[in-house]
Amino acid sequence: MDTIFALSSGAPPAGIGVIRVSGPAARDALKVLVGCVPAARQAKLARLRDADGDPLDTAIVLWFPGPGTATGEDLAEFHLHGGRAVVSAVESALGRVAGLRRAEPGEFTRRAFINGRIDLAEAEGLADLLTAETEMQRRAALASAGGALSRRIEAWRVQLLSLSAQVEAVLDFEDEDDVGQLSRDFTRSLCNLALEITDTLAAPAAEVLREGYRVALAGPPNAGKSTLFNALVESEAAITAAIPGTTRDVLTKPVAIGGIPFLFVDMAGLRSQGADEIEAAGIARAHDEIARADLVLWLGPEGEGPAGCVEVEAQCDRTDRETKVQPTYRVSALTGEGLGSLKDGLMERARQSMPRPGGFALSLRQREMLASASQALNSAQQERDPLCLAETLRQVRLGFDRLVGRSSTEDVLDALFGRFCIGK
């Protein structure tokens, strides 16, 4: 296998640049640049030189012999001064060492997975951790990367193996008098396992956590959507004017409120008459956004919004506004009246769609596979043929293996590890 190297710290210039080398030739890289191999897991201050003996930098170097490393391979790290020229010179010198090449995106983590240092569910959590921008995203990703879901799946797998063994015993000894049919405990255990998986499916969606709780502002033209949008995202992101139809396209803005990720959506005003061709296209997109939203704030006439919307009486500072009898919120984006209550309400609603502290979120792939396992176990409870039951349990067990990567297709792995940056 090739030995790979890449800058694993932030882009230069920086105070320190960390270049990581992983693979069988990591020891050779140390010998070439340092002249020796330091003691394992002990930092050493060394003068780095290229193959011609020219000085590169004074750096701290570390040597981690495999397999007890992050990647499961021999690993070397060079902690350099983080200037662009220094990093470039050391990377160039490493590229000239026989057997070394630059890493591809996610290749270090992929090797950790291949070598059994992490499983697929933990790798998915790590990918989310690297892109986390809010405290809630960080906590949920950390739970997944730390193996919270993996441990639960492994516990289910152990239960499933025990249940499969009971079925196999019936199949192997069905002609002997001392072995009867499956016990009531078997059916009860099968039911409990299905219920546990169903409960886990109630976990929040990773996509909502990753992209933010999607809040769409909807209503007719000049209802105050764009002004309220600007107030919520705390920037002049949307153009506001008294002219009907000013907003013609969809405008999105991600923000964090109280550590919770949101994605606010401004859109064209909804009206059936008077819209030109361009505005009509914007209105069509607005309807699509309303369907996609996790929550719709309705600024139009009371009772005319989509099902499940939250009634907002906007522009409450204006005496000529259209009032509502029972709005959930009365706000003025200009004076700030009611904005605090609206944000508090949005945070409370969003929390219900986000993981609890220490909890994890499920990706679409994980959710689909768990749903399939739950459905199969529910069907298995009605199965009376031991042979069919054994095959059902085997298929569920294979599904668990795919969840953690014991058996995975290359396209799944390529899609996952392609999310990582080079050097991770």
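Where does Gly146 lie? In this predicted model, Gly146 is found in the loop between H5 and H6, which makes the residue a handy starting point for a walk along helix H6. With a relative accessibility of 44%, Gly146 counts as partly exposed. Setting aside residues up to four places away in sequence, Gly146 touches Glu122 and Arg151. The C-alpha atoms of Gly146 and Ile118 are 9.3 Å apart in space, although 28 residues separate the two in sequence.

One of those partners, Glu122, belongs to the buried part of helix H4. Helix H4 covers residues 120-131 and has twelve residues. From its first C-alpha to its last, H4 reaches 17 Å, close to the 16 Å expected at 1.5 Å a residue. The helix is mostly covered, with nine of its twelve residues buried. These are Leu120, Ala121, Glu122, Ala123, Glu124, Gly125, Leu126, Ala127 and Asp128.

Glu122 also appears among the contacts of Ser150, a residue of helix H6. Once neighbours within four places in sequence are left aside, Ser150 is in contact with Asp119, Ala121 and Glu122. Is Ser150 buried or exposed? Its relative accessibility is 8%, and buried means under 20%, so Ser150 counts as buried.

Helix H6 itself runs over residues 148-172. Its 25 residues should span 36 Å at 1.5 Å a residue, and its end C-alpha atoms are 36 Å apart, so the two values agree. The buried residues of H6 are Ala148, Leu149, Ser150, Ile153, Trp156, Arg157, Leu160, Leu163, Ser164, Val167 and Val170. What do these buried residues pack against? Their partners are H4, helix H5 (135-145), H7, helix H12 (364-380) and helix H13 (386-404). Two of these pairings, with H7 and with H13, are described next.

Helix H7 spans residues 184-200 and packs with H6 at an angle of about 155°, the two axes being 11 Å apart. An angle over 145 degrees counts as roughly antiparallel, and H6 and H7 are therefore roughly antiparallel to each other. The crossing of H6 past H7 is left-handed. On the H6 side, the residues that meet H7 are Arg152, Trp156, Gln159, Leu160, Leu163, Gln166 and Val167. On the H7 side, they are Phe186, Ser189, Leu190, Leu193, Glu196, Ile197 and Thr200. By class, eight residues in this contact of H6 with H7 are nonpolar, four are polar and two are charged.

Turning to helix H13, the angle at which it packs with H6 is about 160°, and the axes lie 10 Å apart. H6 and H13 are therefore roughly antiparallel to each other as well. Here too, H6 passes H13 in a left-handed crossing. H6 contributes Ile153, Trp156, Arg157, Leu160, Leu161, Leu163, Ser164, Val167, Glu168, Val170 and Leu171 to the contact. H13 supplies Pro386, Leu387, Leu389, Ala390, Leu393, Val396, Arg397, Phe400, Asp401, Leu403 and Val404. The residues of the contact of H6 with H13 divide into 17 nonpolar, one polar and four charged. Trp156, Leu160, Leu163 and Val167 of H6 are listed in the contact with H7 and in the contact with H13.

Away from these helices, a few backbone details invite a look. Most residues other than glycine have a negative phi, and most peptide bonds are trans. Which peptide bond leading to Pro13 is cis? The bond from Pro12 to Pro13 is cis, with omega near 5°, and Pro13 lies in the loop between strand E1 (3-7) and strand E2 (14-22). The bond from Gly66 to Pro67 is likewise cis, with omega near 5°. Pro67 is found in the loop between strand E4 (55-64) and strand E5 (75-82).

Positive phi values occur at Asn222 and at Gln315. Asn222 has a phi of about 65° although it is not a glycine. This residue lies in the loop between strand E7 (213-218) and helix H9 (225-233), and its relative accessibility of 38% makes Asn222 partly exposed. Gln315, also a residue other than glycine, has a phi near 55°. Gln315 lies in the loop between strand E11 (310-313) and strand E12 (329-330). At 22% relative accessibility, Gln315 counts as partly exposed.

Methods:
Residues are numbered from 1 along each chain as its sequence is written. This is a predicted model: local features need pLDDT of at least 70, side-chain atom pairs count only at pLDDT 80 or more; totals for chains, interfaces and linings use all residues. Side-chain values use heavy atoms; hydrogens and water are left out. Axes are lines fitted to C-alpha atoms, for helices over the stretch in contact, and angles run from 0 to 180 degrees between N-to-C directions. Helices (H or I, at least four residues) and strands (E, at least two) are DSSP runs, numbered from the N terminus. Angles under 35 degrees count as roughly parallel, over 145 as roughly antiparallel, 65 to 115 as roughly perpendicular and the rest as oblique. A crossing is left-handed if the near helix is turned anticlockwise from the far one by less than a right angle, and right-handed if clockwise. Contact means heavy atoms within 4.5 Å. Ala, Val, Leu, Ile, Met, Phe, Trp, Tyr, Cys and Pro count as nonpolar, Asp, Glu, Lys and Arg as charged, and the others, Gly among them, as polar. The expected span of a helix is 1.5 Å times one less than its number of residues. Buried means under 20% relative accessible area, exposed over 50%, partly exposed in between (1.4 Å probe, protein chains only).
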